[in-house]
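Welcome, and thanks for taking a look at this one with me. Here are some notes to read alongside the picture.

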Amino acid sequence: MATTAPTPSASHDLSGVTKTLDLLAPRWNVWVLMTLSSQTLRYAEIKPRLPWLADGQLHPRLRHLTSAGVVERTEYAPRHVTYGLTSRGAALMPVLATIASWGDTYLEKDMVANKATGEMEAERIPPAQNIDDALALIVPRHATPILWSLQARGSTTANSLATEAMPGYGLTAVYKPLERLAADGLITASGSGDYQLSASGRALSPVFQAISAWAAAPADTDTRRPRGQGLAPSQNRSGPWVTTPSRRPTPAAPAAPAVRAAGPALTTTSPNGPAWKAGDLFSHQIPARPVSPTGGPRR
């Protein structure tokens with residue numbers, strides 16, 4: 001199969017997506033953004049809402065997100081500083097909702113007993129954890145370029161993927177990321193040796209569409225968060241994930257659990273997207289590291 005180089009516009013889309021993923025991927029960045037999504041808060045108000053962050057972990061994340069233009073730091077006095085989302089940060093909330101919906105639909109969940117009825121049911125995972133676990137599958141190096149190429153091609157060989165998604169690397173280098181993506185259930189291999197997206201891999205289309213549209217939207221010179229509205233996705237986009245209609249509608253936002261464990265409550269509202277219900281973000285205590293399930297794509 002002949003290898004066709006990606007168009008400049010598609011390469012630009014891919015670059016914007018990978019940069020956005022690099023912004024979101026570091027542990028707890030998503031939790032910080034979601035904590036600030038409903039109101040501006042002082043540091044002393046943020047810390048109790050993120051009790052799992054060790055001392056010294058919050059300030060670096062706030063600095064990084066502020067430098068990236070998604071969080072605004074306002075100093076009223078030396079000891080009175082608040083943090084809130086910029087308009088750019090507020091526009092990320094529908095993107096996070098889309099990622100959370102994909103994770104809630106496609107990532108494996110343990111079966112647990114319902115505290116009220118005793119019946120076994122799928123564990124309810126907080127949206128922020130679904131986002132972190134979904135990002136862990138698509139952020140590793142070369143994962144997104146490979147998925148991007150497969151979306152454009154439909155089915156292709158390892159050699160073509162190595163040439164297109166990993167230029168400058170030899171053929172053997174592509175097999176490790178391919179094995180990881182296959183183990184995570186995002187791609188499958190045919191008997192002839194060709195690779196293609198799985199059903200869950202194809203369902204990433206709205207995720208990459210949302211990220212690509214956010215990355216391409218012009219940054220506002222006025223970074224103050226607008227009230228009640230977010231940035232509308234661009235209608236004139238390019239790239240395989242944007243021009244290809246979604247094969248599956250975006251799943252509904254995760255429902256709030258009927259019985260919530262004790263913990264910090266948070267109500268956040270994403271502009272042009274579903275609202276995070278009180279307690280959704282912290283519906284149960286999150287371990288220091290993501291839980292690794294037995295034989296599943298949740299990381």
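The points below go through some helices, strands, single residues and salt bridges in turn.

1. A word before we start: please keep in mind that this is a predicted model. Everything that follows describes that prediction.

2. Let us begin with L62, which has its place in helix 4, residues 58–67. Is L62 buried or exposed? Its relative accessibility is 1%, and because buried means under 20%, L62 counts as buried. Leaving out residues up to four places away in sequence, L62 touches V32, L36, Y43, I46 and Y83. You can also look for L33, which is 29 residues from L62 along the chain, while the C-alpha atoms of the two are separated by 9.2 Å.

3. Next, have a look at strand 3, residues 80–85. This strand is mostly covered, with 5 of its 6 residues buried. Strand 1 (residues 41–42) is joined to strand 3 by 2 bridges, and the two run antiparallel. Within that pairing, R42 has T82 of strand 3 as its bridge partner.

4. Strand 3 also pairs with strand 2, residues 71–77. How many bridges join strand 2 to strand 3? There are 6, and again the strands run antiparallel. T82 turns up here too, standing opposite T74. The link between strand 2 and strand 3 is a hairpin, made through 2 residues.

5. Now for the charged pairs. Side chains of opposite charge can pair when their charged atoms come close. A search of the whole structure gives 5 salt bridges, and three of them are described here, beginning with E75 and R73. The closest N and O atoms of this pair are 3.3 Å apart. E75 is partly exposed, at 47% relative accessible area, and R73 is partly exposed as well, at 43%.

6. Another salt bridge brings together the side chains of D104 and K109, with 3.9 Å from N to O. D104 has a relative accessible area of 23%, which makes it partly exposed. K109, at 26%, also counts as partly exposed.

7. The pair D184 and R180 is worth a look too: they form a salt bridge in which the closest N and O atoms are 4.0 Å apart. Which state does each partner have, buried or partly exposed? D184 is at 3% relative accessibility and counts as buried, whereas R180 is at 32% and counts as partly exposed.

8. Moving to a loop, you will find H142 between helix 7 (127–138) and helix 8 (143–153). H142 counts as buried, with 15% relative accessibility. What is H142 in contact with, once its neighbours within four places in sequence are set aside? The contacts are A165, M166, Y169 and P177.

9. One of those contacts, A165, is also among the buried residues of helix 9. Helix 9 covers residues 158–165, and 6 of its 8 residues are buried, so the rest of the structure largely encloses it. The buried ones are A158, S160, L161, A162, E164 and A165. What do they pack against? Their packing partners are helix 8, strand 6 (155–156), helix 10 (175–183) and strand 8 (195–197).

10. Strand 6 and strand 8 also belong to an open sheet of 3 strands, in the order 6-8-7 and with antiparallel pairing. Strand 6 and strand 7 (187–189) are its edge strands, each pairing on one side only. Between strand 7 and strand 8 there are 3 bridges, and these two strands run antiparallel. If you would like a pair to find by eye, A189 stands opposite Y195 in strand 8.

11. Finally, turn to helix 12, residues 205–216. How far apart should its ends be? At 1.5 Å a residue, its 12 residues should span 16 Å, and the end C-alpha atoms are indeed 16 Å apart, which agrees. Of the 12 residues, 9 are buried, so helix 12 is largely enclosed by the rest of the structure. The buried residues are S205, P206, V207, F208, A210, I211, S212, A213 and W214.

Notes: Residues are numbered from 1 along each chain as its sequence is written. This is a predicted model: local features need pLDDT of at least 70, side-chain atom pairs count only at pLDDT 80 or more; totals for chains, interfaces and linings use all residues. Side-chain values use heavy atoms; hydrogens and water are left out. Helices (H or I, at least four residues) and strands (E, at least two) are DSSP runs, numbered from the N terminus. The expected span of a helix is 1.5 Å times one less than its number of residues. Buried means under 20% relative accessible area, exposed over 50%, partly exposed in between (1.4 Å probe, protein chains only). Contact means heavy atoms within 4.5 Å. Two strands pair if DSSP finds at least two bridges between them.
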